[in-house]
Amino acid sequence: KEVDDNDLATLTNTFLPGISIVLGTYFSLTITILYDRYSKMQEVVNLEASVLASTCNSLLYLFENDQEKAVEAAQSVADQVRTMVFDSRGKETMGVIYNDPYARIQNLIRRAPATGDNRLLSALHTSVGSLCDLRSKRMTYESLALAPTHFDVMTFLCGMLLTGFALGTVATAQVEGVPTEISRFLFSSLVVCYTIFYEMSFDLNRPFDGIYQLRRSGTAVHFLQIKHLLCNHPLVAGLVDFDEVVDEEEVNLD
C-alpha cells in the first residue's frame with residue numbers, strides 16, 4: 001500500500017504542474033479576450049451615441065423650414081435610440097434589413113434642396129457614414145462572445161486539477177488517508193477561486209447583464225440630450241415616438 005501511495009504521489013506531482021500551466025494560460029487568454037471585447041464595445045457605443053446626437057441637431061437645423069422632413073428625420077433618430085436601448089441584436093439586424101434608420105436619414109439628406117448649406121450637407125453625409133461604420137463595429141463586437149464550449153473546457157481543466165490535488169493529498173496523508181486541516185482548507189480555497197473566476201468570465205461574456213455591464217452613463221447622456229432636443233424643439237415636439245415596440249408574438253408566447 002505504501003508503494004501504491006508513493007506511485008500515486010509521484011504521478012500527481014508530475015501531472016499537476018502541467019495542468020496548472022495549461023489552466024493558467026487558458027484563464028489569462030479568456031480574461032484578455034473578454035476585457036478587450038468589453039473595452040472596444042464601451043468605446044464604440046459611446047462614440048456612436050455622440051455622433052448620433054450631433055447628427056440629430058444638424059438634421060433639425062437642415063430642415064428647419066420643412067416640418068414634414070424634420071419630423072421624419074427626428075423619428076429615424078428616435079427609432080435608432082429605441083433600438084439601441086431596448087432591442088436585441090437579432091431585432092436590430094432585422095431592422096437594418098427592412099427599415100434601417102440610417103438609410104432613411106441618408107435618403108432625406110439626398111433629397112434636401114440644392115440651395116441648402118452645402119457644408120452642412122457634406123458634414124451630414126460624413127456623419128451618417130460614420131454612424132453606419134460604428135454600428136457595424138458595435139454589432140461585430142457584440143457577436144464575438146465566447147462559445148459555451150470555451151467554458152466547458154475551462155470547467156474540465158479545473159476539474160482535472162482539483163481531482164489531481166485531491167488524489168495527491170490523499171496519497172500523502174499521514175493518518176489513514178485523512179487529509180490534514182490545511183490540505184482541506186487549501187482545497188476549499190482552490191474551489192472558491194476557480195468558481196469566482198468562472199463566474200467573472202461568464203459575466204464578462206454578457207456585457208448587458210450581470211455585474212460587469214457596459215458603463216452606460218456616457219451613452220445615456222447623449223440619448224437624453226437627443227430626447228430633450230426632440231421633445232422641446234418647436235418643429236417636432238409631440239410628434240416623435242420613443243416608446244418601446246412590443247413584439248406581439250413574444251407576448252403571446254409568454
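In this report, a contact means heavy atoms within 4.5 Å. With that in hand, we can look at how this chain, a predicted model, is put together.

**Overall architecture**

The chain holds nine helices and zero strands, and its elements, read from the N terminus on, run α-α-α-α-α-α-α-α-α. Sequence-distant pairings are a good place to start: among contacts between residues at least 6 apart in sequence, 81% join residues at least 24 apart. Of the 254 residues of the chain, 37% count as buried. The accessible surface of the chain comes to about 15,100 Å², and carbon and sulfur atoms account for 59% of that area.

**Three long-range pairs**

A few residues let us see this kind of pairing up close. The table gives, for each pair, the separation along the chain and the C-alpha to C-alpha distance.

| Pair | Separation in sequence | C-alpha distance |
|---|---|---|
| Glutamate 43 and leucine 214 | 171 residues | 9.8 Å |
| Serine 127 and valine 51 | 76 residues | 6.8 Å |
| Leucine 239 and alanine 74 | 165 residues | 9.0 Å |

Let us take the residues in turn. Glutamate 43 sits in helix H1. Is glutamate 43 buried or exposed? Its relative accessible area is 55%, and exposed means over 50%, so glutamate 43 is exposed.

Serine 127 belongs to helix H5. Which residues does serine 127 touch, once those up to four places away in sequence are set aside? They are Val51 and Thr55. Val51 is also the partner of serine 127 in the table, at 6.8 Å between C-alpha atoms.

Leucine 239 is not in a helix but in the loop between H8 and helix H9 (248-253). Leucine 239 has 45% relative accessibility, which lies between the 20% and 50% limits, so this residue counts as partly exposed. Leaving out residues up to four places away in sequence, leucine 239 touches Gln67, Val71 and Gln75. Helix H2 spans 67-86, so the loop residue leucine 239 meets residues of that helix through these contacts.

**The largest pocket**

Now to the empty space. Rolling a probe the size of a water molecule over the atoms shows where empty space is left. The largest pocket has a volume of about 750 Å³. How many residues line the largest pocket? There are 32, and Met84, Val85, Phe86, Phe208 and Arg216 lie nearest its centre.

Several helices share in the lining: H1 (2-62), H2 (67-86), H3 (89-98), H5 (118-142) and H8 (217-232) each supply at least two residues. The largest share, six residues, comes from H2. Sorted by class, the lining of the largest pocket has 14 nonpolar, six polar and 12 charged residues.

**Cysteines**

A search of the whole structure finds zero disulfides. Two cysteines are still worth a look for their surroundings. Cysteine 158 has 10% relative accessibility, under the 20% limit, and therefore counts as buried. Cysteine 231, by contrast, has a relative accessible area of 40%, between the 20% and 50% limits, so cysteine 231 is partly exposed.

Note on methods
Residues are numbered from 1 along each chain as its sequence is written. This is a predicted model: local features need pLDDT of at least 70, side-chain atom pairs count only at pLDDT 80 or more; totals for chains, interfaces and linings use all residues. Side-chain values use heavy atoms; hydrogens and water are left out. A disulfide is a pair of cysteine sulfur atoms within 2.5 Å. Buried means under 20% relative accessible area, exposed over 50%, partly exposed in between (1.4 Å probe, protein chains only). On a 1 Å grid over the protein atoms alone, a cavity is a set of points where a 1.4 Å probe fits but cannot get out, and a pocket is an open set with protein on both sides within 12 Å along at least five of seven lines; lining residues have an atom within 4 Å of a point. Grid points are joined across faces, edges and corners, and a volume is the space filled by probe spheres set on the points. Helices (H or I, at least four residues) and strands (E, at least two) are DSSP runs, numbered from the N terminus. Ala, Val, Leu, Ile, Met, Phe, Trp, Tyr, Cys and Pro count as nonpolar, Asp, Glu, Lys and Arg as charged, and the others, Gly among them, as polar. Accessible areas come from the Shrake-Rupley method with a 1.4 Å probe; for residues, only the protein chains shown count as cover.
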